[in-house]
Amino acid sequence: MQPLLHLENISKRYGSVRVLDGIDIAVADNEFLTILGPSGSGKTTILRIIGGFESIDGGRLMFDGRDLAAVPINRRPFNTVFQDYALFHHMSVAENIGYGLKVRGRPKAEIATRVADVLETVGLGAFGARYPAQLSGGQRQRVALARAIICEPRMILLDEPLSALDVDLRAQMQRFLKSLQRRLGIAFVFITHDQEEAIALSDRIVVVNHGRIEQEGAPEQLYRRPRTPFIAAFLGENNLLSGVLAAVDGQLGQVDTAAGRLVATADGPLPALGQAVQVAVRPEHITLSPASAATRDALTAEVADIRFLGANILIELTHPALPDTVLKVRRLADGSAADFRTGQKLNLSWAVHDAALLVPGG
Amino acid sequence: MSAAPTRSDTSSCRRARALVALRHALNLGLPILFVLIPILSFVLVSFWTLQDGQIVRTFTLANYRSFFTEGSYLPVYLSTVWLSLQVTFVNVTLATAIALFIFRRTPRVRFFILMSFMLPLFMSYIIKVYAIRTILGQRGLLNEGLMALGLIDQPIEVLLFSRTAIFVALAVIYLPYAILPIYLALDRIPANYLAASADLGASALQGLRHIVLPLGRPGIAAGAVFTFILTFGDFVTPQMVGGTQGFTFGRIVFSQFGLALNWPLGSALAVILLATTLLAVALAGLTLRREHVR
Amino acid sequence: MIWTSKAVAASLTVFALLASGAAYAGPKGEVRLLAYEGYADPAWTEEFEKETGITVKVTYVGGVDEQIAKMKASNGKDYDVVTVDTASLKAFADQKLIAPIDKQKLTSAKNLLPAFRSMDNATFDGATYGVPWAWGSLGLVYDKKTFPTPPDSWEVLWDPAYKGKVISLDDANNDINFGAIVLGIKDPFNLTDQQMAEVKAKLIALKKNLLTYFAGFDEGTTIWSENNVVLMFSMGELAAINLQKKGFDVGYVIPKEGAVGWLDNLTVSAGTSNTDAAYAWMNFALQKKIGADMAKKYGYGATTDAPQGMDYADRLIWAQNPENYTRRQAVWNEVKASE
C-alpha cells in the first residue's frame, strides 16, 4: 500500500554540518507516528522540512504519490500545531480557528458553522468569542488543534505540543490527542523528546539520533527489543553490560563480560564472533535470590543501596569486576524486599528472552 | 527594656511611612512641577490680555476669539493641519514599506539597515535643513547634476522655496521618527505567526493584511502621531525652505514671543497647538482600543 | 550695631575680592563693557590695556531685551560703559540706568564727524546721554552684472522682470519701516491705520516678487550664493561685505527714498564705580583709527570718520521705537500668510 507521506532518503546540511542523513520515513493513512529524539537530533528539522519551512539537499518528499518539492508552505495539504501554539493574539478563538477557511475565501456562514463544529470537537464550545490571552494552556492547545484540523487535512504535524503543559494537564491532553486522532481518522505526525509520551501515544515510533534513524517500530517492540545501546538507554531504564560475542546459537548469543559469560537474545542479524556488543537487562526483569543458590547465567553482586520509591523499590548493587557500573533492580514494594539489606550478597538472574543483545552503532 | 524596642519600632515605622510619602510626593510632584505647572501657567496667561504693551490680568476669551475671527490665524492653522496630514500620510506609507523591508531581512542584517535609516537622527536638525537647501537650491546639487547630465538647460526654480520643498524637507527629516516605532512593532510579531499563517494556507499578501499590519498598527499609529506632532509644531523648516510659502502656525505662535511680546495671544495659540496634538494622540489611541494583550 | 555693619562690610569686601580674584585688575582698575558683537575687538582692548593700565572686561549681549535685563539686575552696578541704540536711549535714561555725559571729560568728542558732533540724537530733557559711536543702514544689495549702475529706487524690487530673484529680510518692525519709507511716508515709525493698510498692501505686492525671506546675515549670504538672486533688502552693510568676501560682485546702495538707519551710542552706566576708566575707554574708542578698523573689520560705520562708500549717513532715517510692536507683528503675520 502506498504511504500517505513518504520521506525518501532525505538529507540536509547547514553549511558543512550534516544535520540529516538518509532519513526515510513512511506515514500511513490514519497512523499516529511519533518522531522521537533528544534535542539536537534533527527531529524538528524533519518536521520543518515536511511543513515546507526548510529546503532539502537530497532525497524526495512525497505526499499521496505527489512530490512536494515545488509546493509552497501555503499550498501543502496538511497543517501544523506549533510548539507554542502560535495563536494570533489579536484574533478571537473563532477567528483563529476560522483563519484557514477565511484565507481560502469560504463564505462567512460556512466558516461560522464549521468553526462551531470544530469547537465542539475539541470541547471548547463556548469559547469562540474569547481571546487567546483569556485561555489556559490546555485550552490554547485545543484551539491550536482546532485551527489545524478545520480544513480537514488528511494529516497534521504536531511540534512538541505538550511540552509547555504541566504534568497533570499533559496526561489529560495525551488521552485527548489519542482519542481525537481516532475520531478524526487522520494521520498525526508527532514530534517529541519525551519517550514516555511517545510510548503512550504512538502507533509507531521513529527514533532519531544525530540526524539518522536509530530504530523504528511499535512502542512495545522498541521497548522490549532495543537494537542499539542508545535505544536501550533512551527508552526506559536498562542495565548495560559490555562484552565480546563468543558464541552464537540461532538468535541467542553468548557474551563474555568482565563478570562472566551471559546469554542474550538478538533482534535482527547477529554480528560476527569476537565483536564488541552489549547486553541490556531492564531492572524490573531481574530476579534476586540468596547467593548460596548456584544458578547458571547469573551474577553475584553486593547490595550497595536500597531506595524506597513509593510503588517501587530500587535496589542498587555493585560487582567487583564492574567498578564503573551500578546494577539496578526494581521490585514491587509489596513487602517481599524487606529481607534485603546493604552489604548482602545476592544472585541476579533473568529469563534469556529478557536480555537484549545490542550492537553498538548498529 | 520592653518599652524601648516598641518605641524604636514605631519611630522606624514612622520613618518608613515618611519615606513612602516622600516617594509618592516625588512620583506626583515631579510631573506636576516640570510638566503640569508650566502648561497650566501658559494656559492661565492665555486668558489674560495685552493693553498698551502691558499684560492685563483679567479673565478674557479675547485671545481665543482672535484666533477664530482676526487676521490670518485660522486659515494658517488649517493649512498647517492639512500640510501636516499630508506629510503624515506619505511618511507613514513610506515608513511602513521601509519597516517591512527591514523586517523581511535576516536578523543580523536588520540591525544595520535600521541603523542606517536612523543615522540622520544623530545629526543636528539644522544641519539637515541646510543640507536639504543645498541640494534643492537653484545652484544646488540636484539642479547642477541634472544640468550636467543635459536633462535640463535651466535650473528648476520651484525645487526650493516652495510648498513642495516644505513637503520634501519635512518628510525627509521626520521619516526616521515614523520608521522606528513601526519597525519596533513589527519586530515584536512572533516569528511563528507568519509560519502559522502560511501553514494555514494564507499567501504572503494575506499574511501581511491579516497578521503583520494589524499587529503593526500600534507602531503605525505611534509613527503617525510622531510625524504629525513634529511637523505641525515645526516652525523652522517651513520658514527655511518654504520661501514665501513657509509661514505655518508654529511660526505665528513663535512670532508672538518676539518683539511683539504678546504673551497672552501667543499662549492662547500655543494652547490651541497643544490641544491639536493632544487630539492627534487621542485619535491614535482610539484606533488601538481593540488591541488585545498577549 | 556699628561693629556688625563693619563686619558685614569687611566680609563683603573679602567676598568681593575672592569673587574678582580670577580676573586680574590692572593698577588703574578695570572697565566693564556691556556691548554688542564687534564693539570690543581684542586688538583694541589689548592696546587700551597697554596704554592705560586699565583692564577691560567685556560682556556681550544679543539684543536690547537682554541688555535691559542685565542692567536692571544691579541697577547698572556691574557695568561701566554700555552701548545703547538710539531708539532705546530714552528708556535707559528714564529708568535711570545710564548717567548724563560729562562733556568736559569727553576729550575725544572733537574726533566726531560734524553730523554727529551735536549728539542731538542722544539729547533730551536738557541732558546728553550718549555719544554716537557706530552706525549702519538697512540698504539694498544688488548684483553688479545685472545692474551696471546702482538701482536708484527701491521700486526695482517690485519689478516683475526680477520675479524670483529678489530676497527680503524677515523682521516685522523693519519690514514695515521699509514699506513706509518706500511709500514716502514722512514718519515711518508712527503709522496711521490708513498708512498701515497701504504699507501692508505694498509688502504683499513685494511678496509675489520674492524668492524667499531670510533672517540674519548668514542666511542672506547663503541663500544668495546658492540661488540666482540679484536684489536683496538687506540687514546691513555686512551683507555686501560677506558676499564680496565670497567672490560675488555685489554693490550696496541707499536708494533715493532713503533707508532705516541705526545708530549705537556709548553711554556711561548710572552704577559705574570707576567713572575715569569709563571715560578713558570712550575717549580711546572714539579715535579715528579705531573707527576705521571697526569699519574695515565689521562693516559698521564709524562716527569719527566716513569710511569709503559710506557717504549716506545724512539720507538715513534713524530708527525709533514704533507706535505698536504688537500691531506691527500682527500686520506682518498677515503679509506672510497672504496668498
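Domain bounds here come from an automatic or database domain assignment. This is a predicted model, in which local features need pLDDT of at least 70, side-chain atom pairs count only at pLDDT 80 or more, and totals for chains, interfaces and linings use all residues. Residues are numbered from 1 along each chain as its sequence is written, while chains are lettered from A and ligands numbered from 1 in the order in which they are written.

**Exercise 1. Domains and annotated segments of chain B**

Task: Find how far apart the C-alpha centres of the two domains of chain B lie, then examine two of the listed transmembrane regions.

Solution:
- Step 1. Set the bounds. Domain 1 of chain B covers 3-45, and domain 2 covers 65-287.
- Step 2. Take the centres. The C-alpha centres of these domains of chain B lie 40 Å apart.
- Step 3. Turn to the record. An unreviewed UniProt entry lists "transmembrane region" for residues 25-50, 81-103, 110-132, 165-186, 219-241 and 261-288 of chain B. UniProt positions are in the numbering used here, feature names are shortened, and annotations may be inferred rather than shown by experiment.
- Step 4. Check two segments. Helices (H or I, at least four residues) and strands (E, at least two) are DSSP runs, numbered from the N terminus. Residues 165-186 of chain B are 100% helix and 0% strand, with end C-alpha atoms 31 Å apart. Residues 219-241 of chain B are 87% helix and 0% strand, with end C-alpha atoms 29 Å apart.

**Exercise 2. Which chains touch?**

Task: Identify the pair of touching chains with the most contacts, then describe the side of chain A that touches chain B.

Solution:
- Step 1. Fix the criterion. Two residues are in contact if their C-beta atoms, placed from the backbone, lie within 7 Å.
- Step 2. Rank the pairs. Of the 2 pairs of chains that touch, chains B and C have the most contacts.
- Step 3. Rule out a pair. Chains A and C share no contact, and their closest C-alpha atoms lie 47 Å apart.
- Step 4. Count across A and B. Here 19 residues of chain A meet 18 residues of chain B. On the chain A side, strand 6 (79-81) and helix 2 (93-102) each give two or more residues.
- Step 5. Sort the chain A side by class. It has 10 nonpolar, 7 polar and 2 charged residues. Ala, Val, Leu, Ile, Met, Phe, Trp, Tyr, Cys and Pro count as nonpolar, Asp, Glu, Lys and Arg as charged, and the others, Gly among them, as polar.

**Exercise 3. Strand 1 and helix 1 of chain A**

Task: Trace the partners of strand 1 of chain A, then decide whether helix 1 of chain A is mostly covered or exposed.

Solution:
- Step 1. Start with the whole chain. Chain A has 8 helices and 20 strands. Its C-alpha atoms fill a box of roughly 80 × 45 × 35 Å along the principal axes.
- Step 2. Pair the strands. Two strands pair if DSSP finds at least two bridges between them. Strand 1 (residues 5-14) of chain A runs antiparallel to strand 4 (residues 58-63), with 5 bridges. A:Leu5 has A:Phe63 as its bridge partner.
- Step 3. Take the other partner. Strand 1 of chain A also runs antiparallel to strand 2 (residues 17-27), joined by 7 bridges. A:Tyr14 stands opposite A:Val17.
- Step 4. Look at the turn. Strands 1 and 2 of chain A form a hairpin with 2 residues between them, and A:Gly15 in the turn has a positive phi of about 65°.
- Step 5. Score burial. A residue is buried if 20 or more other C-beta atoms lie within 10 Å of its own, exposed if 12 or fewer, and partly exposed in between; C-beta atoms are placed from the backbone. Helix 1 (residues 43-51) of chain A is mostly covered, with 8 of its 9 residues buried. Among them are A:Lys43, A:Ile46 and A:Ile50.
- Step 6. Read past the helix end. Just after helix 1 of chain A, A:Gly52 takes a positive phi of about 100°.

**Exercise 4. An open sheet in chain C**

Task: Work out the strand order and explain why strands 10 and 12 of chain C stand at the edges.

Solution:
- Step 1. Write the order. The open sheet has 5 strands, ordered 10-9-11-8-12 with mixed pairing.
- Step 2. Find the edges. Strand 10 (210-214) and strand 12 (250-253) of chain C each have a single partner strand, so one side of each is left without a neighbour in the sheet.
- Step 3. Check one pair. Strand 8 (residues 140-143) and strand 12 of chain C are antiparallel over 4 bridges. C:Asp143 has C:Val250 as its bridge partner.
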